[in-house]
Amino acid sequence: RERPPRDHHSSYVVRTNCEMKLQIVTRSGRAVVAGGLVVPNDAKVSDLKRSFHALKRKFYPSRQRFTTVPARGETRGTALRDDALLSEYGLNDGDTIVFKDLGPQVSYKAVFFFEYLGPLLAYLPFYFMRKEIYGGIFGIKNAGKPVLEAQTLAMYFHTAHYAKRILETFFVHKFSHATMPIFNLMRNCGYYWTFGAFMSYFINHPAYTPVGRTQMMAGFAFSAVMQLSNLRCHIILANLRKDGAKGYVIPTGFLFNYVTCANYATEIYQWLGFNIATQSVMGYTFMCCGAAQMMQWAIAKHKRLRQLFDGKDGKPKFHRPFILLPPFF
């Protein structure tokens, strides 16, 4: 007997040949939506997320991640991209997909803004309030002595670097994802803010001994060139794709013709110049920690571009002599 159409409060849904029902489970196999979720056959993953959100209001779309069921012998399935059709993953009526809650999300711009604002502000008190901090709080003698030229230039360069980062966040960068887990905000802020404060403490310390003026000026000049080069790299990356375009593109132009991750290279080298000029242990530690993380990202990106652009089936062949740090790596 044919059921009547479902009203807003009905417990069942009339399905047509144009719809399919997907079973949604957690990685442990527990059903998330009792009876499954009905979506159009031509639905995109973004449509699935909106339908899921309508049933589970806690899980707004950016908090959701769906993957296919892992193949035999595999531990992970294929992540479903928002702009892709469900049919592209071979999903049909009755199939199962895996849901993961990514946790509370925060926008990329908010994360970048706060993680860069923190070190900018944390650095300045140690320069402008030397007597109050070093003398009043730490009881260090000669806390009121005049600042050195190296300390003043370091303050300007450090401030300019993070001011540039903040401006790029709002006017240059284009993010492939709108949000990230809120935990990343706390982790990233802790990293940048702590290093910013410690670097400033030692560079602006009354007992700080500067390097020779020639080394100092050469270091800051190199840092300035790398900062401008980094800005140029970010502008190239921002203009890689036409509006709304997705997918991977080979970065070309300027240093990208020689280095896979020229943006990371200029970031590391600008801190190298800063540290040559200031000779701070905390500065070098910060640079090495950042370089270690960027090296992992660069190797992964280089490998991915070589796989995607292998010169076969009419695709361009990706080749760069350096991955991250010319002329070494």
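## Pairs, cysteines and patches: worked exercises

E168 and K164 make a salt bridge, with 3.1 Å between their closest N and O atoms. A salt bridge here is a side-chain nitrogen of Lys or Arg within 4 Å of a carboxyl oxygen of Asp or Glu. Before you start: this is a predicted model, where local features need pLDDT of at least 70 and side-chain atom pairs count only at pLDDT 80 or more, while totals for chains, interfaces and linings use all residues. Residues are numbered from 1 along each chain as its sequence is written, and side-chain values use heavy atoms, leaving out hydrogens and water.

**Exercise 1.** Work out how E168 and K164 are spaced in helix 4, and whether E168 is buried or exposed.

*Solution.* Start with the spacing: the two residues sit four apart in helix 4, so about one helical turn separates them. (Helices are DSSP runs of H or I with at least four residues, strands are runs of E with at least two, and both are numbered from the N terminus.) Next, the cover: E168 is buried at 2% relative accessible area, and K164 is buried too, at 13%. The scale is under 20% for buried, over 50% for exposed and partly exposed in between, with a 1.4 Å probe and protein chains only. As a general point, side chains of opposite charge can pair when their charged atoms come close.

**Exercise 2.** Take the salt bridge of D47 and R50 and describe its spacing and its exposure.

*Solution.* First the distance: the closest N and O atoms are 2.4 Å apart. Then the spacing: D47 and R50 are three residues apart in helix 1 (residues 45-55), again about one helical turn. Last, the surface: D47 is partly exposed at 28%, and so is R50 at 48%. For the full tally, the structure holds seven salt bridges.

**Exercise 3.** How many disulfides does the structure have, and why is C261 not bonded to C233?

*Solution.* Searching the whole structure gives zero disulfides, a disulfide being a pair of cysteine sulfur atoms within 2.5 Å. Check C189: its nearest cysteine sulfur belongs to C289, 17 Å away. Now C261: the closest cysteine sulfur is in C233, and at 10 Å that's too far for a bond. Both C189 and C261 count as buried, C189 at 10% and C261 at 1%.

**Exercise 4.** Find which residues form the positive surface patch and which make the nonpolar one.

*Solution.* The positive patch consists of R27, R65, R76 and K100. K100 lies in strand 4 (residues 96-101) and is partly exposed at 36%. The nonpolar patch, about 390 Å², comes from M295, I299, F328 and F329, with M295 placed in helix 8 (residues 281-308). Patch members have over 30% relative accessible area and no salt bridge; like charges are joined within 9 Å, and nonpolar side chains (Val, Leu, Ile, Met, Phe, Trp, Tyr) within 5 Å.

**Exercise 5.** Look at the backbone: where does N142 lie, and what kind of peptide bond joins P326 and P327?

*Solution.* Begin with N142, in the loop between helix 3 (130-137) and helix 4 (149-171). N142 isn't a glycine, yet its phi is positive, about 60°. D313 is another non-glycine with a positive phi, about 55°, and it falls in the segment after helix 8. Both are exposed: N142 at 60%, D313 at 77%. Finish with the prolines: the bond joining P326 and P327 is cis, with omega about 0°, and P327 is in the segment after helix 8.

Terms used
Accessible areas come from the Shrake-Rupley method with a 1.4 Å probe; for residues, only the protein chains shown count as cover. Lys and Arg count as positive and Asp and Glu as negative; His and the chain ends are not counted. The place of a charge is taken as NZ of Lys, CZ of Arg, CG of Asp or CD of Glu.
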